Amino acid sequence: MFEEANNIQKIVPLYQGRNIPKVDVIPSLSRIKNLMVKTCRYFFAGPGIDNTAPFRGFLLYGPPGTGKTELSKQVVRELDETLGNFANVYLLFIDGSVIATPKWGEAEQRLRAIFSYAEYLEKKKGITHPKVILLFDDIESLMLGRSAELAKEWHYSINSVFFHGVDNINPTKTLVLATTNKEELVDDAIRDRLYPIKVTPPSIDGLMNIANEILEITGVLNPKKEEVLKSIENKLIEMENPSIRDVKHLTIIKCIEDGVWWR
Ligand SMILES: Nc1ncnc2c1ncn2[C@@H]1O[C@H](COP(=O)(O)OP(=O)(O)O)[C@@H](O)[C@H]1O
Ligand SMILES: [Mg+2]
């Protein structure tokens, strides 16, 4: 089993939570972040959790660019930080590029190896209480990328490996987070195992906080700062469901255009 884990180590990035760079989560997402951190802490350190736990983590769903991936990483960062000396929390980041392989059957093998890897980390000697968060980013992409006639069979076989893996994790040591922009492609059985949370596009105020932060970090001063912010706000208002990514792009381009950063 651990031989499999050894091979998968080379392709799945592993991070310790406290080494993930800190990002201030926007206010509308901080409530979700706190709920996730507290729940994971309870599973990892609280009483009364065993293999009968009704769910094994969270599924974040919502439009692209709303901060789902970043939020998941921040949950691991905060978990590791707040559990302090009690435990060490690691993130295994799994996206389509890890799982999708051109060879039939190999994707299932890799997915199985990821669960073995988590188990290997849980038992690793010399680390105080290792805990693992498996982040399946854009989880629907694990199920795509095959030709249409194979898709159904492929779905079935990759899903069954996933369900088996999730059902067999020890939720006091390993939990699963998943994100998706394509909720309709996510199997109902995933929702049974992961608590679903909807991530809605941030408010204009939330987005303006991010623009403001970028300008502050880069030292843009008033009155220029106010002028740039007003222009960004006007553009955001015209957009349909602007995302965090949109506000970052707009802020950078506006500053370059106006010669705030480079002339
Ligand atoms: N709270 C935040 N503050 C600043 N930037 C953020 C924040 N949350 C996310 N981002 C950035 O916004 C972009 C989109 O976030 P991401 O988590 O990838 O969204 P999603 O996974 O929902 O598509 C990324 O560049 C990310 O680093
Ligand atoms: Mg994402």
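Biologist: Which ligand atom lies 3.2 Å from a polar side-chain atom of Lys-248?

Modeller: In this predicted model, the contact is made by the side chain of Lys-248. The distance from its polar atom to the ligand is 3.2 Å, and the partner in ligand 1 is a nitrogen atom.

Biologist: How much of ligand 1 does the protein bury?

Modeller: One begins with the ligand by itself, which exposes 550 Å². Of that area, the share buried by the protein is 82%.

Biologist: Which residues come nearest to ligand 1?

Modeller: Ligand 1 has 16 residues around it. One of the nearest, Asp-24, places a backbone N or O atom 2.9 Å from a nitrogen atom of the ligand. Another, Thr-69, has a polar side-chain atom 2.8 Å from an oxygen atom of the ligand. The full set of nearest residues is Asp-24, Gly-65, Lys-68, Thr-69 and Glu-70.

Biologist: Which helices each supply at least two residues of the shell around ligand 1?

Modeller: Ligand 1 sits in the largest pocket. Two elements each supply at least two residues of its shell, namely α3 (68-83) and α10 (244-257).

Biologist: How many aromatic pairs does a search of the whole structure find?

Modeller: The search covers the whole structure rather than one region. The number of aromatic pairs found is 9.

Biologist: Why is the pair of Phe-58 and Tyr-195 called edge-to-face?

Modeller: The ring centres of Phe-58 and Tyr-195 are 6.0 Å apart. Planes over 60 degrees apart count as edge-to-face. The planes of these two rings stand at 80 degrees, so the pair is edge-to-face.

Biologist: Where in the chain do Phe-58 and Tyr-195 lie?

Modeller: The pair links distant parts of the chain, with the two positions 137 residues apart. Phe-58 belongs to strand β2 (residues 57-61), and Tyr-195 to strand β6 (residues 195-198).

Biologist: Is Phe-58 buried or exposed?

Modeller: A residue counts as buried when its relative accessible area is under 20%. The value for Phe-58 is 2%, and therefore Phe-58 is buried.

Biologist: Which residues do ring pairs link into a cluster with Phe-58?

Modeller: Tyr-195, which is partly exposed at 42% relative accessible area, belongs to this cluster. Together with Phe-58, the ring pairs link Phe-43, Phe-55 and Tyr-195.

Biologist: What separation do the C-alpha atoms of Lys-173 and Lys-235 have?

Modeller: Lys-173 lies in the loop between α6 (148-168) and β5 (174-180). Along the chain, Lys-173 and Lys-235 are 62 residues apart. Their C-alpha atoms are separated by 46 Å.

Conventions. Residues are numbered from 1 along each chain as its sequence is written. Chains are lettered from A and ligands numbered from 1 in the order in which they are written. This is a predicted model: local features need pLDDT of at least 70, side-chain atom pairs count only at pLDDT 80 or more; totals for chains, interfaces and linings use all residues. Side-chain values use heavy atoms; hydrogens and water are left out. Rings of Phe, Tyr and Trp (its six-membered ring) pair if their centres lie within 6.5 Å; planes under 30 degrees apart count as stacked, over 60 as edge-to-face and the rest as tilted. Helices (H or I, at least four residues) and strands (E, at least two) are DSSP runs, numbered from the N terminus. Buried means under 20% relative accessible area, exposed over 50%, partly exposed in between (1.4 Å probe, protein chains only). A residue is near a molecule or strand if one of its heavy atoms lies within 4 Å of it. A polar contact is a pair of N or O atoms within 3.5 Å; within protein, one must be able to donate a hydrogen and the other to accept it, and residues adjacent in sequence count only if both atoms are side-chain atoms. Accessible areas come from the Shrake-Rupley method with a 1.4 Å probe; for residues, only the protein chains shown count as cover. On a 1 Å grid over the protein atoms alone, a cavity is a set of points where a 1.4 Å probe fits but cannot get out, and a pocket is an open set with protein on both sides within 12 Å along at least five of seven lines; lining residues have an atom within 4 Å of a point. A molecule sits in a cavity or pocket if more than half of its atoms lie within 2 Å of its grid points.
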